[in-house]
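Dear colleague,

I am passing on the structure we spoke about, and would be glad if you could read it alongside the notes below.

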Amino acid sequence: MKKIITFLLGFVMIFSLCTGISFATEQNFVEANTAAVSLDNGLEYVKYTKYCKITGYTGTATEISIPEEIEGVPVTVIDDYAFCDLWAISTLADDDSVSGDVGVEDSIFDCCANLISMEIPSTITIIGEGAFSGCTSLETVYYYGTEAQWDAITLGSENENLTSAEIIFVPAPDLDKVIKEKTTVEDFAATLGQNYICEVYKNGVLLSSDSYMGTGMTVVATNKIVSKEYTSEVVVLGDVNGDGLVKAGDYMKVKKAIADSTLLTGAYFKAADVTGDGLLKAADYMRLKRYLSGELNIYA
C-alpha cells in the first residue's frame, strides 16, 4: 500500500512539472459557475472563485480583445482549444488581459489558419505544445515586454509558426518614474522614445509641449505601433503643490504634513518623500530646505 501511495505522489509531481499546473493551487480555485457563459462579444468563460477561464469563442469578429477581468474576477487562463476552428480570425488582440503568471495552453490556436497577427502580454510565462501549430498565416507578433522577457518564456514544441513570425517588442513606457522640477512635456516625451505620443493633462485640460509637468497631472502615452495607451499620475520630486516647480510653499507644506500625514496623499505624498523611504519626516523637509538654498541636489 505504501508503495502505491508513493507511486501516485510521484506521478502527480511529474505531471505537475510537465504541465506547469500546480495541483495545490488549482484546489484553491473552487468553481462558482461550472457552465460556460457567453459575453456580448462571443467569448465563452467559466467563472471560478478566484479566477475566470476563457473556454471558447462563438462570435464572427476578425479581432478578439480578451478582458482583464469578468464579473470582478481576473481572467488568468485561456483553455485548451479555446480558439480552435476559428477560420475567420485575422487578429487576436490582448487588452492587458491577464494578471499574474499565465500560460497559453496546449493546441489553443491549433486550427487558426487565418490568424495573421497577435498581441501577447508580458504576463505570459508558458506557451503550450502546439499552441500555434495550425497558424500557418501568422506573420507578426506584438509582445508587450522586452526581448529578455520573451526569451524567458517556456515554449512547448511544435510552435514553429510562432518562432518564424516577426516578433515586435513593445515594452510598456516607464511613466511612474519621479521627475525633476521644470520638466516640460516635450522633455518627458523625449525620454519615452519615438514610438510614443505623449500628452499631459491638468484637470482635464491638455498642456502645450513647453508647459511644465506638475505633481498630480495625468500623463498619457500612446504607442504608435499598436495604438496601445498607458496612463499614470505625474510625480515631480519636491513639487507638492503641483505647479512643476519647487519653492518655499512646497517646503512649508511638507513641514505641515509631517505633523499631519493626512494632508498629503497619493502622488503628492510621493513628491514630498524626498528621501524615498515611504515616510514623511524631518529629513524630507530639511533636504528640501537645503535644495532651495543651493546646498543639495535632491535629484542626484
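The notes that follow cover a sheet, the salt bridges and one buried acidic residue.

This is a predicted model, in which local features need pLDDT of at least 70 and side-chain atom pairs count only at pLDDT 80 or more, while totals for chains, interfaces and linings use all residues. Residues are numbered from 1 along each chain as its sequence is written, and side-chain values use heavy atoms, leaving out hydrogens and water.

An open, antiparallel sheet is formed by 4 strands in the order β15-β14-β16-β17 (strands being DSSP runs of E of at least two residues, and helices runs of H or I of at least four, numbered from the N terminus; two strands pair if DSSP finds at least two bridges between them). Because β15 (205-206) and β17 (229-233) each have a single partner strand, one side of each is left without a neighbour in the sheet. Strand β16 (residues 218-223) is joined to β17 by 5 bridges, with A221 opposite Y230.

The count of salt bridges (a side-chain nitrogen of Lys or Arg within 4 Å of a carboxyl oxygen of Asp or Glu) comes to 4. Among them, E71 and K47 meet at 3.3 Å, N to O, and this pair links distant parts of the chain, 24 residues apart. K247 and D243 meet at 2.7 Å.

D284, in helix α8 (residues 282-292), is buried (under 20% relative accessible area, 1.4 Å probe, protein chains only; exposed is over 50%, partly exposed in between) yet has no salt bridge, since K281, the nearest side chain of opposite charge (Lys and Arg positive, Asp and Glu negative; His and the chain ends not counted), is 4.6 Å away.

Best regards
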